[in-house]
Amino acid sequence: MKQTKSKRLRSYAGTVVVLAVVFGGSAVIGAHVRSEKEHTAKAPTGAAGQDSLAVPVRPDVLPVTLTVYEDLRAPESKAFAAEYADTFTQLLAAGQVQIDYRLVTPSDAANGGEGALAAANAAACAQDQGHFTQFVDALWAVQPVDVADDGLNSEKLLKSVSRQAHGIDEAKFVPCVEERDHDGWVKKSQRQFTEAGFTAAPVVQVNGETVTAPTGGADGLTPARLRALVQKAVDLAVRQAVSPSPSSSASATDGSTTAGTGTPSDTATSGTDTAGTGADPSATTSESVTPVG
């Protein structure tokens, strides 16, 4: 009887050891996977711009790109979003702008914790399903009043926000949040933000030109001034669209055929522009990605 009891104890102990090894190994593997994702900039679906670090919201006509850097933990970003919501809606409805949202995390560096990073990763997970703006709007409602509070660094809270946003498939969203799929993408955005000399969000740019404070923050900008700056950029884009570019004029003159002969004129050149690049100096380039948010 004692031998049987001893065997049972040994069997039980062996089972515990095996389970400990299995779960311990799983934890190590999980930690390794999360570490890899922190260093891999996996962009969410529909990301655009340089290095695919922007989440675009846009109509069909895109004369102006409005870039908005947001820190989802920072009360200043929440206040900015509330103050400019109507302005952004009007600009989008008028077909005047594409809005590129860039998620950054300076509040984490200033206050400790990872609330901004966790929230930005979750917003990117929502973007994978085309619900970026809905998720961010719901997130503002639960943002802690005190920026020192790292309350957004909670998977339970972020899952709750996804349900408030509606339309998000939790079966896809939850693993993305738990495994921090887009941490590396957010960290890359923050590195570029810091390298540009910015220390706080929000930051707003019109066609790449910063129109808020040089180091960050919306001081000095108003909705009326932003609308005026956008209109100025739209007017410039229209003028450039209807006016022939210098290189086009040059090619029309230098590359034309002599009247009545069908042969190139004596003044024709090799077809390169004056800079030797072959590019149209007035042309601008941009990445076009179908919006999903």
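# A tour that starts at strand 3

Select strand 3 and look at both of its faces: Val97, Ile99, Tyr101 and Leu103 on one side are buried, and so are Gln98, Asp100 and Arg102 on the other. Buried here means under 20% relative accessible area, with exposed over 50% and partly exposed in between, for a 1.4 Å probe and protein chains only. Seven of the seven residues of strand 3 are buried, so the strand is largely enclosed by the rest of the structure.

This is a predicted model, in which local features need pLDDT of at least 70 and side-chain atom pairs count only at pLDDT 80 or more, while totals for chains, interfaces and linings use all residues. Residues are numbered from 1 along each chain as its sequence is written, and side-chain values use heavy atoms, leaving out hydrogens and water.

**The whole protein**

Zoom out. The protein has ten helices and five strands; these are DSSP runs numbered from the N terminus, with helices being H or I of at least four residues and strands being E of at least two. Of the 293 residues, 37% are buried.

**The sheet**

Now select the five strands. They form an open sheet in the order 1-3-2-4-5, with mixed pairing. Two strands pair if DSSP finds at least two bridges between them. At the edges are strand 1 (55-57) and strand 5 (209-210), each of which pairs on one side only. Strands of a sheet pair through backbone hydrogen bonds, either parallel or antiparallel.

Which sense does the pairing of strand 1 and strand 3 have? Strand 3 (residues 97-103) pairs with strand 1 in the antiparallel sense, over three bridges. Select proline 56 to find its bridge partner, aspartate 100 in strand 3. Valine 55 has tyrosine 101 in strand 3 as its bridge partner.

Next, show strand 2 beside strand 3: the two pair in the parallel sense over seven bridges. Threonine 67 stands opposite aspartate 100 in strand 3.

**Helices on the sheet**

Add helix 8 (residues 183-195). This helix packs on the sheet and touches strand 1, strand 2 (64-70), strand 3 and strand 4 (203-206). Touching, or contact, means heavy atoms within 4.5 Å. The direction of helix 8 makes about 100° with that of strand 3. Angles run from 0 to 180 degrees between N-to-C directions, and axes are lines fitted to C-alpha atoms, for helices over the stretch in contact.

Then add helix 9 (residues 223-242), which packs on the sheet and touches strand 2, strand 3 and strand 4. Its direction makes about 145° with that of strand 2.

**Helix 4 and its partners**

Keep helix 8 and add helix 4. The two pack at an angle of about 115°, with their axes 9 Å apart. Select Leu117, Ala120, Asn121 and Ala124 in helix 4, which meet Asp183, Trp185, Val186 and Lys187 in helix 8.

Last, show helix 5 (residues 132-140). Its axis and that of helix 4 (residues 115-127) come within 7 Å and cross at roughly 145°. Which residues make the contact? Helix 4 supplies Ala119, Ala122, Ala123, Ala126 and Gln127, and helix 5 supplies Phe132, Phe135, Val136 and Leu139.
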